[in-house]
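Okay, everyone, thanks for coming. I'll put the sequence and the structure up, and then we'll walk through a few spots together.

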Amino acid sequence: MRREGPAGASAQQDVLRTEFEFELPRGFVDESGTVHRNGTMRLATARDELIPLRDVRVRENPAYLSVVLLGRVITRLGTLPDVHDGTVENMFASDLAFLQDFYRQINAEGHTRAAVACPHCAESFEVELAGSRLGES
């Protein structure tokens, strides 16, 4: 979509960002002991949210929905050749919680920033969730 500005000048094209990088707090450990922390998650489609509802595991245990959903939208994790629900179900609980929050941030709010308040002085500020590890500034 190109827009013409005053006097025929072209404005820069708006581009929708559909993939977001992240860094897990602990990291996924594969069979060989390699830790994978850096990854990419894409925006979810309606299909991504509907297909897991037909999964027998989700019907038996609704909490499994996020595992199946995250297995669909994580496009890269370290050097793993493939990321799927089996990968997600073997992650540490802290990494799963991080990914659930990250999913909500990029799909519901459209960005990877979160508003927080300092526990000591109560000053409000924003933090960037993508590509940062918990506890680091």
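So, first thing: how far is the sulfur of C118 from the closest cysteine sulfur, and why is there no bond? Keep in mind that this is a predicted model. The closest cysteine sulfur to C118 sits in C121, 3.6 Å away, and that's too far for a bond. The cut-off here is a pair of sulfur atoms within 2.5 Å. Looking from the other end, C121 is in no disulfide either, with the sulfur of C118 as its nearest cysteine sulfur. And if you search the whole structure, you get 0 disulfides.

Okay, on to a helix. Have a look at α5, which runs over residues 93-109. Those 17 residues take it 23 Å from the first C-alpha to the last, close to the 24 Å expected at 1.5 Å a residue.

Which residues of α5 are buried? That would be D95, F98, L99, F102, Y103, Q105 and I106. Look down the axis of α5 and those buried residues fall within an arc of 165°, so they line one face of the helix. The general background: an α-helix has 3.6 residues a turn, so residues three or four places apart point the same way. Over on the other side of α5, you'll find A93 and A108 exposed.

Last stop, the surface. V29, V35 and F92 make up a nonpolar patch there, and together they have about 240 Å² of accessible area. If you want to find V35, go to strand β4, residues 35-42. V35 counts as partly exposed because its relative accessibility is 41%.

Okay, over to you.

Methods
Residues numbered from 1 in each chain as written. Predicted model: local features only at pLDDT ≥ 70, side-chain atom pairs only at ≥ 80, totals over all residues. Heavy atoms only, no water. Helix = DSSP H or I, 4+ residues; strand = E, 2+ residues; numbered from the N terminus. Expected span 1.5 Å × (residues − 1). Buried < 20%, exposed > 50% of the residue type's maximum accessible area, 1.4 Å probe, protein only. Arc of directions from axis to C-beta. Patch = residues over 30% accessible without salt bridge, like charges linked within 9 Å, V, L, I, M, F, W, Y side chains within 5 Å. Areas by Shrake-Rupley, 256 points an atom, 1.4 Å probe, with all protein chains shown as cover. Salt bridge = Lys/Arg side-chain N within 4 Å of Asp/Glu carboxyl O.
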